Amino acid sequence: MTLFSALRFPIVQRFPSSGFRGPPVSSLFSSFLQRGRKHAITSFDKGSRHLSSTVKVSEYEHDGLHDDAKATEKNSALHLALLNLADEFDTESSLSLQRFFGMRRVPVISSGSLKLDLALGIGGLPKGRFIEIYGREASGKTTLALHIIKEAQKLGGLCAYFDVENALDPSLAESMGVDTQNLVISRPNSAENLLSAVDTLTKSGSLAVIVVDSVAALVPQSEIDSSIDSVVQDVQSRLMSQALRKIHYSLCNSQTLIVLVNQVRSGSKSGQGFEHAEEVTCGGNALKFYAAVRLRIRRTGLLKTGNKVTGLGIDVQVVKNKLAPAMKKAELRINFGRGLCCESEVLDLACEHGIILQEGNTYLIEGEAFKSEHEAVRYLAENVEIFDNIVGILSRQLFERERL
């Protein structure tokens with residue numbers, strides 16, 4: 001095998017006179033050659049291999065006009081190399097320029113919230129990726145995961161929910177709009193069985209969304225078999241690291257979105273002479289690296305109607321995002337028994353973008369006037385067709401503009 005240097009042709013050919021402004025080319029190269037030829041090209045032979053290396057020529061080197069014959073030769077060499085790789089390896093690991101440029105826009109599934117989709121930067125959660133949702137207790141993690149399942153089912157996708165914490169209420173999921181009749185619900189008896197099931201379902205490519213709720217509740221078989229007072233080293237972290245490597249390999253050839261709900265623990269971290277508390281997620285550090293998007297949920301307050309508490313406000317922060325700028329936030333509201341209050345955020349965004357007219361406290365929707373926000377939100381909740389129409393207009397305006 002022979003590797004050729006980038007400066008295989010005479011140097012003068014790389015500097016067309018029409019594309020260079022400065023001292024005469026002949027004087028430049030005469031001064032360059034006077035410095036010595038030892039910096040130009042060095043080569044050596046060893047057996048049947050001939051290697052050549054080139055030192056960077058000078059600060060005067062630049063990209064001139066492309067030689068069509070040379071470009072054609074490189075293009076032919078590239079396609080020949082791709083054919084050789086296709087013969088040596090399987091189709092999944094083969095290289096393809098069309099495959100690369102054809103996936104510039106990642107297919108997504110909506111999170112169920114337009115504000116969160118806007119904060120994510122791509123209009124939703126990317127398919128074929130790991131997503132981690134973490135936060136403190138009762139902050140809305142499961143609610144957000146169920147809304148992701150709801151949006152995937154709207155698109156005709158099948159979903160699976162691994163209820164590790166044994167806390168899922170099917171009636172509550174149905175009140176949020178989840179079709180539990182077409183939802184695979186499982187409560188595996190060990191972490192190994194669950195992760196193996198996730199890998200098998202991911203390989204099948206038949207599911208749109210897989211939710212694991214939660215990582216912190218996964219119990220390895222060795223802990224189940226041992227006594228409570230026995231000292232067990234960090235088996236869960238090692239198991240998660242090994243399983244994520246394997247599932248990630250299956251995920252590269254699938255369009256399944258894997259949502260991993262996680263809990264946080266308070267840990268101390270020392271720095272600059274003092275200690276401060278920080279949130280630590282369960283399951284080790286592997287999930288932080290494999291997750292394409294990490295969402296941190298925090299409670300901001302309670303929602304009240306009169307003296308009655310009807311919901312809570314949450315703040316969702318995009319801590320990590322491999323597909324768009326991170327560290328964006330979305331302020332959401334959750335109504336108890338109904339999930340995310342999508343009508344209120346659609347009303348806010350529609351007024352902001354001129355789809356719904358607002359004058360003071362009066363809202364004009366489809367020719368009807370409403371004297372308060374509460375009346376406008378209730379009207380959108382009762383008229384699903386009008387609500388879906390406004391959501392469609394907003395989605396086209398917001399996310400098509402983001403992709404330009």
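**A walk through the chain**

Let's start with a single residue: Leu-302 has a relative accessibility of 46%, so Leu-302 counts as partly exposed, because that label covers whatever falls between under 20% for buried and over 50% for exposed. Keep in mind as you look around that this is a predicted model. You'll find Leu-302 in strand E11, which runs over residues 291–305. On the surface, Leu-302 teams up with Val-309 and Phe-336 in a nonpolar patch. Together, these three residues have about 270 Å² of accessible area.

Now zoom out for a moment. The chain has 404 residues, and 37% of them are buried. Its secondary structure adds up to 13 helices and 17 strands. Take the contacts in the chain with a separation of 6 or more: 63% of them come from residues 24 or more positions apart. As for the outside, the chain exposes about 23,900 Å², with carbon and sulfur atoms supplying 53% of that area.

For a covered stretch, go to strand E8, residues 209–213, where five of the five residues are buried. Which way do they point? Val-209, Val-211 and Asp-213 point one way from E8, while Ile-210 and Val-212 point the other way. Whichever way they point, all of these residues are buried. Strand E8 also has a partner: strand E6, residues 159–163, pairs with E8 in the parallel sense, over five bridges. One spot to look for in this pairing is Asp-163, which stands opposite Asp-213 in E8.

Next come the aromatic rings. How many aromatic pairs are there? The count comes to two aromatic pairs. In one of them, the ring centres of Phe-130 and Tyr-290 are 6.5 Å apart and the planes sit at 70°, so this pair is edge-to-face. It brings together distant parts of the chain, since Phe-130 belongs to strand E5 (residues 130–135) and Tyr-290 to helix H10 (residues 286–290), 160 residues apart. The two partners are covered to unlike degrees: Phe-130 has a relative accessible area of 2%, so Phe-130 is buried, whereas Tyr-290 is at 22% and therefore counts as partly exposed. Here the cut-off matters, because buried means under 20%.

Phe-370 and Tyr-379 also form an aromatic pair, and this one is tilted, with 4.7 Å from centre to centre and 40° between the planes. Tilted is the label because 40° is neither under 30 degrees, as for stacked, nor over 60, as for edge-to-face. Are Phe-370 and Tyr-379 buried or exposed? Both are buried.

Methods:
Residues numbered from 1 in each chain as written. Predicted model: local features only at pLDDT ≥ 70, side-chain atom pairs only at ≥ 80, totals over all residues. Heavy atoms only, no water. Patch = residues over 30% accessible without salt bridge, like charges linked within 9 Å, V, L, I, M, F, W, Y side chains within 5 Å. Areas by Shrake-Rupley, 256 points an atom, 1.4 Å probe, with all protein chains shown as cover. Salt bridge = Lys/Arg side-chain N within 4 Å of Asp/Glu carboxyl O. Helix = DSSP H or I, 4+ residues; strand = E, 2+ residues; numbered from the N terminus. Buried < 20%, exposed > 50% of the residue type's maximum accessible area, 1.4 Å probe, protein only. Pairing = 2+ DSSP bridges. Phe/Tyr/Trp six-rings, centres within 6.5 Å; stacked < 30°, edge-to-face > 60°. Contact = heavy atoms within 4.5 Å.
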